[in-house]
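Dear colleague,

Please find below the structure that I am handing over to you. My notes on what was found in it follow directly after.

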Amino acid sequence: VKPHTDLLEHGQACGSHAVSVMELYTAAEISRHDKADDLWVIMENKVYDITKWHAFHPGGSPVLLKYGGADATQASNNAHGLLKKPLSIMPRYCIGRLGTEEEVRAAQDQKVRTLLAANPPTQAEKLSPMVVPGVSPQAEADQKADQQADQQADQQADQQASSYVKATYTLLLERMAADRVAAERMMSKAKAAVGKAAARMSGRASQGAKLENSTDAEDSTPRLSQTASSQGIDAEDKAKNEQVAADTARQKAAEKAAEKAAAAKIAAEKAEKAKAEKKAAAEKAAAEKAAKAAAKAAEKAEQKAAEEKVAADKAAEKEKAKAEKLAADKAEAKKAAIEKAAAKKTAEKAADKAQANDSEATAKAIEGKAAAEKALAEMKAAKEAAEKTAAELQAKAEQLQREKEAAQKEKKAAKKAESAGKKLLIVFQSPAGEQKTVTFTKRPLGVSCSMDTMPIVVGEPPRGAAAEAGVCEGWILCQVGTDPSNMRNFPRSADEPYALVQETFKFLGQLTKDLPQVPS
């Protein structure tokens, strides 16, 4: 907030409040001072406290009470015009100027920052780290880091709170000092006014004595004496009123200062209490966190111990199985050694016995060898004979297979030739009575029939041999057969026996089946 330079350039532009930076007040704050014992007004964006002066207003106190806590600029300009009296009286009651909420807040923040810069906070005591037994080094390091972060946050909060309380208390002291200086100046002005009134009274009294000695002062002497007496009384009353006003202002300033000091003390106590509570809460949170970390570490230790126990049990079982296998291997080896020794002994006995019967065994071996060679020769001859017989049988089987395949081919060829010589004859009759005989040599016939009623009528337009012969949709099927001498009539009405109809269509199906299939 910039200082109000147009007031500061004129020595006493704002009376006792002519400081480097003027106080700022919002319209809402000023509107609360609208009573006779607490009266503020706004003129030209300046704030005036006329609580002690409105009773002496030449136009009467009610005029000023009407504009209490509001802007009286327009009303003052309309009433006073170019009079210089208000301009010489009002500045001594100026206490600041009108500002917005943002300007007032910015001014207060600026004061706090100035006081903080002038009085930097002291370094707070650091909390000793809490060590929890049974916690791993990593958990302990994490816990210390968290505690240090919490300590730094607490220190910053404590420093800010302490600095804010200190700044608030300093501002209150400044306001009290300013109010006290204002009261003292008001007392000095009241005393000076009383002195001036007394001097004026003494001067006017000596002037009245001189007029009494003149011959033409008989009529004016009573009037001058009465005027002087009246003015003296008014001056004394005015001085007393100003004295009373100054005493009252000083008393109220002292009361306000005491109230503000008490409020500051209460705020400081609350801040200290909040600080202590916050510190206790931080310590409690740290303890809870440490307890949780210890519980977690204990849980991890138990889990690790359980895992190690399981691993140890598995290793013991493995070693046990290995030892059992080793013992079994030793037993097997011992058993094998015993068996080997017994076999060796048996072999030695057999060798002794074989050596005793060596000549007899040799003769028998020679005879057996001869018999074996003879049997082998017989088996070789039998094998050759069997192989020869098998070759002959294989040749006969192949010959039979060839004959069979040739017979199948001849049968297929004969059947094909027989099929190629077969044909199917159908006699169609047009709606006009014209008849045409169509010869079919392959299937399908290419003729669809509508057999809902009798006689049987050609359905969709025919194709193939029927279409080439000129048969059309709607023609009637009259006869069917393989040659003109072997033709069978189709049923012409529903009155004919069903067995005859069935037999005719069975005959047609057999003839169609005997025809070769048309390639698709």
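Asp-34 and Lys-35 join their side chains in a salt bridge, with N and O 2.8 Å apart; a salt bridge is taken here as a side-chain nitrogen of Lys or Arg within 4 Å of a carboxyl oxygen of Asp or Glu. Asp-34 is partly exposed at 31% relative accessibility, and Lys-35 is likewise partly exposed, with a relative accessible area of 48%. For these classes, buried means under 20% relative accessible area, exposed over 50%, and partly exposed in between, with a 1.4 Å probe and protein chains only.

Please note that this is a predicted model, in which local features need pLDDT of at least 70 and side-chain atom pairs count only at pLDDT 80 or more, while totals for chains, interfaces and linings use all residues. Residues are numbered from 1 along each chain as its sequence is written, and side-chain values use heavy atoms, with hydrogens and water left out.

On confidence, pLDDT is the predictor's confidence in each residue, from 0 to 100. The protein has a mean pLDDT of 78, and 79% of its residues reach 70 or more. Among its elements, strand β4 (residues 46-49) has the highest mean pLDDT, 96, and helix α1 (residues 5-8) the lowest, 34. The pLDDT is below 50 over residues 1-13, a stretch that has 26 contacts in the model beyond near neighbours in sequence; contact means heavy atoms within 4.5 Å. Residues 124-135 also have pLDDT below 50, with 21 contacts beyond near neighbours in sequence. Where pLDDT is low, the predicted coordinates should not be read in detail.

As to the overall content, the protein has 11 helices and 11 strands. Helices (H or I, at least four residues) and strands (E, at least two) are DSSP runs, numbered from the N terminus. Of the 520 residues, 23% count as buried. Among contacts between residues at least 6 apart in sequence, 65% join residues at least 24 apart.

The whole structure contains 3 salt bridges. Besides the pair described at the start, Lys-111 forms a salt bridge with Glu-23, where the closest N and O atoms are 3.1 Å apart. This pair links distant parts of the chain, 88 residues apart: Lys-111 belongs to helix α6 (residues 101-118), and Glu-23 to the loop between α1 and β1 (24-25). Lys-111 is partly exposed, with a relative accessible area of 29%, and Glu-23 is partly exposed at 22%.

Arg-488 and Glu-503 form a salt bridge as well, at 3.6 Å from N to O. Here too the pair links distant parts of the chain, with Arg-488 in strand β11 (residues 486-489) and Glu-503 in helix α11 (residues 498-514), 15 residues apart. Both residues are partly exposed: Arg-488 has a relative accessible area of 29%, and Glu-503 one of 45%.

Helix α6, which carries Lys-111, has 18 residues and spans 26 Å from its first C-alpha to its last, close to the 26 Å expected at 1.5 Å a residue. The expected span is 1.5 Å times one less than the number of residues. Which residues of α6 are buried? They are Val-104, Ala-107, Val-112 and Leu-115. Seen down the helix axis, these buried residues fall within an arc of 130°, so they line one face of α6; the arc is that of the directions from the helix axis to the C-beta atoms. An α-helix has 3.6 residues a turn, so residues three or four places apart point the same way. Glu-102 and Ala-117 are exposed on the other side of α6.

The final site concerns the loop between β3 (38-43) and β4, where Glu-44 lies. Glu-44 has a positive phi of about 55° although it is not a glycine, and is partly exposed at 47% relative accessibility. Asn-45 is found in the loop between β3 and β4. Its phi is near 65°, a positive value in a residue other than glycine, and Asn-45 counts as partly exposed at 47% relative accessibility.

Thr-73, in helix α4 (residues 73-80), reaches the backbone nitrogen of Glu-44 with its side chain at 2.8 Å. Leaving aside neighbours within four places in sequence, Thr-73 is in contact with Ile-42, Met-43 and Glu-44. Thr-73 is buried, with a relative accessible area of 14%.

With kind regards

Notes: A polar contact is a pair of N or O atoms within 3.5 Å; within protein, one must be able to donate a hydrogen and the other to accept it, and residues adjacent in sequence count only if both atoms are side-chain atoms.
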